[in-house]
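Got a few "why is it called that?" questions about this one? Let's go through them together.

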Amino acid sequence: MSSPNDGPSSKRKRSDSPSPQDDGYPPTSRRRSKSPRADIRVADVDPVRKAERERQLAARVAAMELEKSDKPKDVEKSREFDAQAEFAKLVGSRSGGVYMPPARLRALQAAASTDKASPEYQRLSWDALRKSITGIVNRVNITNIKDIVPELFSENLIRGKGLFARSIMKAQASSLPFTPVFAALVAVINSKIPSVGELLVTRLVSQFRRSFKRNDKIVCHSSTTFIAHLVNQSIAHELIALEILVLLLEKPTDDSIEIAVGFIREVGALLAENSPKANASIYERFRAVLNEGTISNRVQYMIEVQMQVRKDKYKDNPILPEGLDLVEEDDQVTHEVQLQQELKVEEGLNIFKFDPNYLANEEMYKSIKAEILGEDSEEDDESGSDESSDEDEHEVAPEKEGIEDRTETNLVNLRRTIYLTIMNALNYEEAVHKLMKVQIEEGQEIELINMIIECCSQERSYSTFYGLIGERFSKLNRVWTECLEQAFNNYYTTIHRYETNRLRNIARFFGHLVATDSISWVVLECVRMNEDDTTSSSRIFVKIMMQELMESMGLKVLVERFKDPEIKHACQGMFPTDVPKNTRFSINYFTSIGLGAVTEDMREYLKNAPKVILEQRRMLEAQSSDSDSSDSDSSDSDSSSDDSSDSADSVDSRRPRGRDESLPRRRRYSSAHSRTPPRRRRDSPSPPRRRRDSPSPPRKRRDSPSPPRRRRDSPSPRRARSPSPLPRRRRDSPDYRPSRRSPSPPRRRDVSMSPPPGKTRDSGYRNRARSPRRESGRREGRYY
């Protein structure tokens, strides 16, 4: 056994911590030893060691002071070394190196300014040129482009044309809405320095070819957009645009058709003006692709929209936007770059290279700059001097108002704010409360409504969240109600531009607003339900909206609301009663969507339409007959002075016209002296003759039970030709022509066919045969 003092191999056992309970049981938990307190300090009790430490500290301080006194000489040497090292880094690097603080950069410039032809100085000037061109390009917009152009010409664009092409391509790719501005800037520079424009067009065509082969849709889209605006500015020839379109439409895919639609939307106005035949062939190819159906529905819809843009003559995509027509047509230089030719991209112009003739080239560009800007500067000086000389004579011109932002940057920011506010709201009340705090300028209220509807249309299915937002806004202020009504009209007019799902959401949104009376029902007056004024999209829109109304209100209440006089007047286009064709179309449409109850009035109109049309025709004929009767009255008044024999002859001449078959029979019966057959024949005269010659219907009912008895008891035919009553009856007869259409003559005819029983045929006539005028009138009725 080894003893405890055998050596380092022996280990000391850890002693157990004292336990408050010394009962032999192990502790329930492990106890940690207490750490020493922080306020315990170790006293320095050795004065010798303390004195040694103080002496060493004093020696260090003295050494540091000596180093400070000798430092300036060493710093100058180190600076010379650092400057040379930095120059070596700058010359050897490709992109200009890492960030350099301004103080060090100024020191390097001061060191290199001693020799302006040195590589170091050229490299520093190259970096300064690159930064200046990039900054100027990034600051350009439609309002300050005229101020940016002279500032850009002050830089050496001949030396930095590669830098300019690269920076403007990057800026355009990152902000496509500013492409027309960049194209206008390039147009101004190209008119003075054509090599810059040629290099830019070459690089864009090369970039498009590479991106097309790599299927890079984003780069391809940005390149084609820039090329389109360069073609509009006459920097590139329209032949390159046609070649790009042919390439994109040769093997149509969703991406290629989408890029082609965007490209022709920008350049289509120019092609329609300068190359109408080629433009027509391009659209024929679009139509063929649309009919083939090999592309998705989304892209097919894009082609349809582009067809509509063409019909509208590119009113939203002019050749040169307002404010960007800066170069005269004669001053512009057009570059004919083809798609299949070899292109010299000259990538080496982006990299710094030492120029042995640097100073001579700089002086040459100064002369070019003076030639470009010199005339303008002289004109400015002359105009300034003229204005200074005329200050005392003329009043000071008023200051211009604030800068007008036509880039719609503020509008884009407003839409972004509204969208984020809606998306971050938990319920519609919170959304309305936050949206009311958004600062909206006067006249931009419609943008808020449009954003609410757009957010609603983007949902996969309709959410009542948006309908409640619109309902709350309409109840807050009348301005929002008017905006919602205006939005209904706008969206119904352009509903064919939306996909089916978006169309469904928009229709249900407006159906909710109409059902809750958030907007007036009068907005439905823009709906014209007929075959000519509707499309498939508009019919789907009306169907979904009406179904939403029926679900919210019920069919019975909906029918009652449509019977309201004001709403009925506003919905005349939806329920037409003007043309039977339109009425049938509307009836079939609403019946097919389950709303046949609202078509009762139209069905009634369609049922009575023939009668109404016939009545209108009769009224027109009556008016024409009245005008004829007035003419005949004037002619009859002139002939009333004729003798009775002439009138009797005229009556005899008219008898065959009244009834051709009855005249021979009367002659046969009169020769046989048999009165019975003539009475039967006269009992059934034709209704037109009795109605035409009767003076008035009441007089017929009073006078006689049947005309045959009068004929039998008449003394002689000479009495029937009495001259006195005949002219009056002729003069009065045209006034009773309209009575032919009265419904009463058939009843009289039936009565005249059968005399009443219990009376002899002669008794009724003998009581009233004393009036010869009345008798002659009835005898004339046989012939008329």
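**Buried, exposed and in between**

Q: Which residues of α4 are buried?
A: In helix α4, the buried ones are Gln122, Arg123, Leu124, Ser125, Trp126, Asp127, Leu129, Ile133, Ile136 and Val137. Keep in mind that this is a predicted model.

Q: What makes the span of α4 fit its number of residues?
A: Helix α4 covers residues 119–139, which is 21 residues. From first C-alpha to last it reaches 30 Å, close to the 30 Å expected at 1.5 Å a residue.

Q: How do you know what span to expect for α19?
A: The expected span is 1.5 Å times one less than the number of residues. For the 16 residues of α19 (478–493), 22 Å is expected, and the helix reaches 23 Å, so the two are close.

Q: Which residues of α19 are buried, and what covers them?
A: Trp480, Thr481, Cys483, Leu484, Glu485, Ala487, Phe488, Tyr491 and Tyr492 are buried in α19. Their cover includes α17 (445–457), α18 (464–476), α20 (500–515) and α21 (536–553).

Q: Why is Ser518 called buried?
A: Buried means under 20% relative accessible area. Ser518 has 6% relative accessibility, so it counts as buried. You'll find Ser518 in the loop between α20 and α21.

Q: What is Ser518 in contact with, apart from its neighbours within four places in sequence?
A: Those partners are Glu471, Ser474, Thr481 and Leu513. Thr481 is also one of the buried residues of α19.

Q: Why does the pair Ser518 and Thr516 count as a polar contact?
A: The cut-off for such a pair of N or O atoms is 3.5 Å. The side chains of Ser518 and Thr516 are joined at 2.9 Å, so the distance falls within that cut-off.

Q: Why is Tyr419 called partly exposed?
A: Partly exposed sits between the 20% and 50% marks. Tyr419 has a relative accessible area of 38%, so partly exposed is the right label. Tyr419 is part of helix α15 (residues 409–424).

Q: What makes Tyr419 eligible for a patch, and which residues form that patch?
A: A patch takes residues with over 30% relative accessible area and no salt bridge. At 38%, Tyr419 passes the area mark. With Leu420 and Met423, Tyr419 forms a nonpolar patch on the surface, with about 260 Å² of accessible area together.

Q: How many helices and strands are there in the protein, and what share of its residues is buried?
A: There are 36 helices and 0 strands. Of the 784 residues, 37% are buried.

Terms used:
Residues numbered from 1 in each chain as written. Predicted model: local features only at pLDDT ≥ 70, side-chain atom pairs only at ≥ 80, totals over all residues. Heavy atoms only, no water. Helix = DSSP H or I, 4+ residues; strand = E, 2+ residues; numbered from the N terminus. Buried < 20%, exposed > 50% of the residue type's maximum accessible area, 1.4 Å probe, protein only. Contact = heavy atoms within 4.5 Å. Patch = residues over 30% accessible without salt bridge, like charges linked within 9 Å, V, L, I, M, F, W, Y side chains within 5 Å. Areas by Shrake-Rupley, 256 points an atom, 1.4 Å probe, with all protein chains shown as cover. Salt bridge = Lys/Arg side-chain N within 4 Å of Asp/Glu carboxyl O. Polar contact = N/O pair within 3.5 Å; in protein donor to acceptor, adjacent residues only side chain to side chain.
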